[in-house]
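Here are some short exercises to work through with the model open beside you. Try each task before you read its solution.

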Amino acid sequence: MLSPKESVRAVPAYHPPLAGRDGLRLDFNENTVGCSPRVLEKLQRLTADDLTKYPERHAVETAVAGFLKVKAAETLLTNGVDEAIHLLCQTYLGPGDDVLIVAPTYSMYRIYGMAAGANVISVPLGKNFGFPVTELKQRVTSRTRLIAIANPNNPTGTVATCDQLLELVRAAPNAAVLVDEAYVEFYGQTMIEYRSDSANLFVARTFSKAYGMAGLRVGVLIGNPEQMSAVRLVCSPYNVNAVALASVPEAIRDQSYLAEYVGGVLEARGRLQNWLVLSGIEFWRSEANFVLLRVGSSKADSARFVEKMRLRGILVRDRSSDHGCEGCVRITLGPGEHADRLLEALPSVIEECSIAQGVSRR
Ligand SMILES: Cc1ncc(COP(=O)(O)O)c(C=O)c1O
């Protein structure tokens with residue numbers, strides 16, 4: 001009987017709750033408003049001819065490289081950051097190699113690492129979800145071939161400093177070090193400028209979050225030109241579809257739209273965090289477009305909270321199963337009215353949940 005290879009049989013199934021997402025979607029860290037109107041206009045002008053041809057990535061790749069102030073040879077457009085992670089696993093990992101990640105973090109590093117036959121070693125984040133640079137460095141060996149760090153991290157919203165990341169890059173010269181900057185627009189600090197001194201450093205970006213184009217699936221992988229030539233060998237020439245490619249130049253041209261959206265989210269993040277402080281609710285200061293908070297002590301508590309929010313038309317994500325996140329939920333922020341709706345619903349939901357848990361709150 002046909003059987004998948006052993007490394008794939010060991011991969012845990014990952015089913016994010018994507019079905020029936022009606023309501024205010026604060027559950028997947030997407031843009032809550034939508035992409036730039038320039039992108040939609042461009043999509044309406046697409047012709048049958050545009051769709052008949054196989055997509056040609058190079059011109060858009062060059063435009064994105066110019067926007068990021070890097071060379072085209074250092075840049076690869078991918079089918080979301082997810083494909084960038086997959087390609088790095090394909091390029092660098094074999095059976096018996098080690099992948100280092102932190103816990104909790106984004107799920108796909110483990111999934112693609114395991115599928116490639118590697119051992120995935122996860123190092124818990126420190127106190128208050130601090131970045132465990134010393135512990136990570138201690139786990140680096142000659143078998144370490146990939147280190148994947150989301151910065152800001154998902155689901156905690158916490159960050160590693162550039163110095164900490166550089167320390168790690170230098171401690172593991174035989175490993176590809178991926179700094180996944182999916183939420184960089186909400187943070188503002190990037191590792192891109194360090195790529196020329198560190199041939200093993202890769203940076204990933206996405207159009208799925210701040211740009212509001214998760215449905216189009218476009219990411220960017222940036223790295224040393226020689227390493228990128230190797231990554232290109234395992235990448236389909238048609239990995240990013242024509243509709244997505246047509247959208248990207250419009251999206252990067254409309255920086256005022258992006259800036260306004262990001263500004264609105266940062267304001268909302270400030271409002272939510274202030275409210276959480278005043279309410280005495282445990283949370284972690286976030287540098288991304290979401291905040292992780294503790295609404296109880298168990299999965300039952302966080303599930304109750306998610307359900308009560310859903311009944312008010314607001315979707316948030318239960319993160320109770322993540323390492324160190326018992327009773328936690330992650331709430332994505334949207335600007336203006338989206339933040340108003342969240343902050344209107346939260347006090348009564350927290351109150352109802354506290355009553356159910358027998359907790360008294362000030
Ligand atoms: C840290 C991180 N990286 C990557 C992704 C996925 O990005 P993309 O939609 O570009 O594949 C996510 C989505 O939640 C994420 O949180």
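Axes here are lines fitted to C-alpha atoms, for helices over the stretch in contact, and angles run from 0 to 180 degrees between N-to-C directions. You are looking at a predicted model, in which local features need pLDDT of at least 70, side-chain atom pairs count only at pLDDT 80 or more, and totals for chains, interfaces and linings use all residues. Residues are numbered from 1 along each chain as its sequence is written.

**Exercise 1.** Describe how H5 and H6 pack.

Step 1: find helix H5 (residues 80-92) and helix H6 (residues 108-115); helices (H or I, at least four residues) are DSSP runs, numbered from the N terminus.

Step 2: take the geometry, an angle of about 30° with the axes 9 Å apart.

Step 3: angles under 35 degrees count as roughly parallel, so H5 and H6 are roughly parallel to each other.

Step 4: list the contacts (C-beta atoms, placed from the backbone, within 7 Å): Asp82, Ile85, His86 and Cys89 in H5 meet Met108, Tyr109, Tyr112 and Gly113 in H6.

Step 5: sort these residues, which gives five nonpolar, two polar and one charged. Ala, Val, Leu, Ile, Met, Phe, Trp, Tyr, Cys and Pro count as nonpolar, Asp, Glu, Lys and Arg as charged, and the others, Gly among them, as polar.

**Exercise 2.** Which helix gives the most to the shell around the ligand?

Step 1: collect the 13 residues that surround the ligand, using C-beta atoms, placed from the backbone, within 6 Å of it.

Step 2: note the closest, Gly80, Ala150, Asn154, Thr206 and Ser208.

Step 3: the answer is H5, with three residues.

Technical notes
Helix = DSSP H or I, 4+ residues; strand = E, 2+ residues; numbered from the N terminus. Parallel < 35°, antiparallel > 145°, perpendicular 65-115°, else oblique. Contact = placed C-beta atoms within 7 Å.
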